[in-house]
Amino acid sequence: MNGFNNNLLLDKTILVAGAGKGIGLACALMAAECGANVVAVARTQSDLDALIAQHPKNITGWAMDVSSNEFFDLMNTLPYLHGLVNNAGINRVGPMDKQTNDNIDAVIDLNIRTLYKISRAAIAPMRRAGNASIVNMSSQMGFVGSPNRTLYCMSKHAVEGVTKAMAVELAADNIRVNTVAPTFVMTPMTAPMFEDETFKTFVFDMIPLGRLGKVEDVANSCTFLLSELAAMITGTSIKVDGGWTAR
Ligand code: NAD
C-alpha cells in the first residue's frame, strides 16, 4: 500500500514562488527533503544561497521577481512541471477607509493577478508532465473577515475562488488545484505585527489551539497536497488555522 514515506515527491519538479523566507522557504526545503527537484524563486540571492546550501543537489535558485517578464520567460523553458506552490503574497494592514490606491494595486497585483499568471504559465509544462498539483497559499482570511484586513481578505477570498475554478477547468489535464490556508504564522511578514501586545492577545484568543502556526505546520500540508497521497483531492483547502475559522 502506498502511504507516507520519505520519497513522497521523488523526482518531481516543483517550483516554489516566493521561497526566500518564511512559509515558502519551509515548503521548498520540505519538498527537497522528500526528493523533489525544487526550483526556488525569490528576489534575494543571499536567501537562495542559504536555501541551496542545505540541498545543493536538488534545489535550483532563480533570483528574480515572480511578476517579472524574466521569470515568465524562464517558466516557458521548463520541460516538465509536477508541482507549483504559489506562495508569494503580501499584506497591507490598515482600516478600509485609509487604504491607498497604491496598497490596493500592490495586493491585487501580487496576490491575485500574479498568482493567476504563474498558474497560467504552469499549465503547458504540467500537461507535459501528465500529472500535477498546484498549491495556492491562501489564508484563514480567505474564509473570514478581520479588522484592518479587508484588503488582504479580498485577495485571499479571490485565491479560494480561483482555486475552485482552476480545479474544475484543469481536472481534465490531471492537474489538481488546492489551497493551504494558515492562521498567523511567525515569519518576516508577521513579526512586526506581534510587537503590538493588544494584537498578540487578540490573535491568541482567536486560536482555540492557543498557539501560532509554525512554518512546518504549513509545509506539511503543502507537501501532502503536492504528493500522490492527495491524488483524489482537488478544489478544496486545508485550513492550518488551529481552529480560528471553526469559532
Ligand atoms: P514573507 O514575506 O515572510 O515571505 C514571502 C516570501 O516571498 C519572501 O521570500 C519574499 O521575498 C517572497 N516574495 C514576495 N514577493 C515576491 C515577489 N514579487 N517575487 C519573488 N518573491 C517574492 O511571507 P510569509 O509570511 O511567509 O507568507 C507567505 C504566504 O503565506 C503569503 O501568500 C501570505 O499571504 C501567506 N500567509 C502568511 C501567513 C502568516 O502568518 N505568515 C498567514 C496566512 C497566509
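**Ligand and ring pairs in a predicted model**

The ligand sits in the largest pocket. The model is predicted.

Q: What makes the ligand count as sitting in the pocket?
A: A molecule sits in a pocket if more than half of its atoms lie within 2 Å of the pocket's grid points. The ligand passes, and its pocket is the largest.

Q: Which residues are closest to the ligand, and what makes a residue part of its surroundings?
A: A residue is near if one of its heavy atoms lies within 4 Å. In this model 26 residues surround the ligand. Ile23, Asn87, Tyr152, Val185 and Thr187 are the closest. Helix 1 (22-33) and helix 5 (150-170) each supply at least two residues of this shell. The shell divides into 12 nonpolar, 10 polar and four charged residues.

Q: Why does Asn87 make a polar contact with the ligand?
A: The cut-off is 3.5 Å between N or O atoms. A backbone N or O atom of Asn87 lies 2.8 Å from a ligand oxygen, so the pair qualifies. Lys21 also uses a backbone N or O atom, at 2.9 Å from a ligand oxygen. Arg43 uses a side-chain N or O atom, at 3.2 Å. Taken alone, the ligand exposes 820 Å², and the protein buries 94% of that.

Q: Why is the pair of Phe202 and Trp244 called edge-to-face?
A: There are eight aromatic pairs. In this one the ring centres are 5.9 Å apart, within the 6.5 Å limit. The planes stand at 90°, and over 60 degrees counts as edge-to-face. So Phe202 and Trp244 form an edge-to-face pair. Phe202 is in helix 6 (residues 197-206), while Trp244 is in the segment after strand 7 (237-240), 42 residues apart.

Definitions and conventions. Residues are numbered from 1 along each chain as its sequence is written. This is a predicted model: local features need pLDDT of at least 70, side-chain atom pairs count only at pLDDT 80 or more; totals for chains, interfaces and linings use all residues. Side-chain values use heavy atoms; hydrogens and water are left out. A polar contact is a pair of N or O atoms within 3.5 Å; within protein, one must be able to donate a hydrogen and the other to accept it, and residues adjacent in sequence count only if both atoms are side-chain atoms. Accessible areas come from the Shrake-Rupley method with a 1.4 Å probe; for residues, only the protein chains shown count as cover. On a 1 Å grid over the protein atoms alone, a cavity is a set of points where a 1.4 Å probe fits but cannot get out, and a pocket is an open set with protein on both sides within 12 Å along at least five of seven lines; lining residues have an atom within 4 Å of a point. Helices (H or I, at least four residues) and strands (E, at least two) are DSSP runs, numbered from the N terminus. Ala, Val, Leu, Ile, Met, Phe, Trp, Tyr, Cys and Pro count as nonpolar, Asp, Glu, Lys and Arg as charged, and the others, Gly among them, as polar. Rings of Phe, Tyr and Trp (its six-membered ring) pair if their centres lie within 6.5 Å; planes under 30 degrees apart count as stacked, over 60 as edge-to-face and the rest as tilted.
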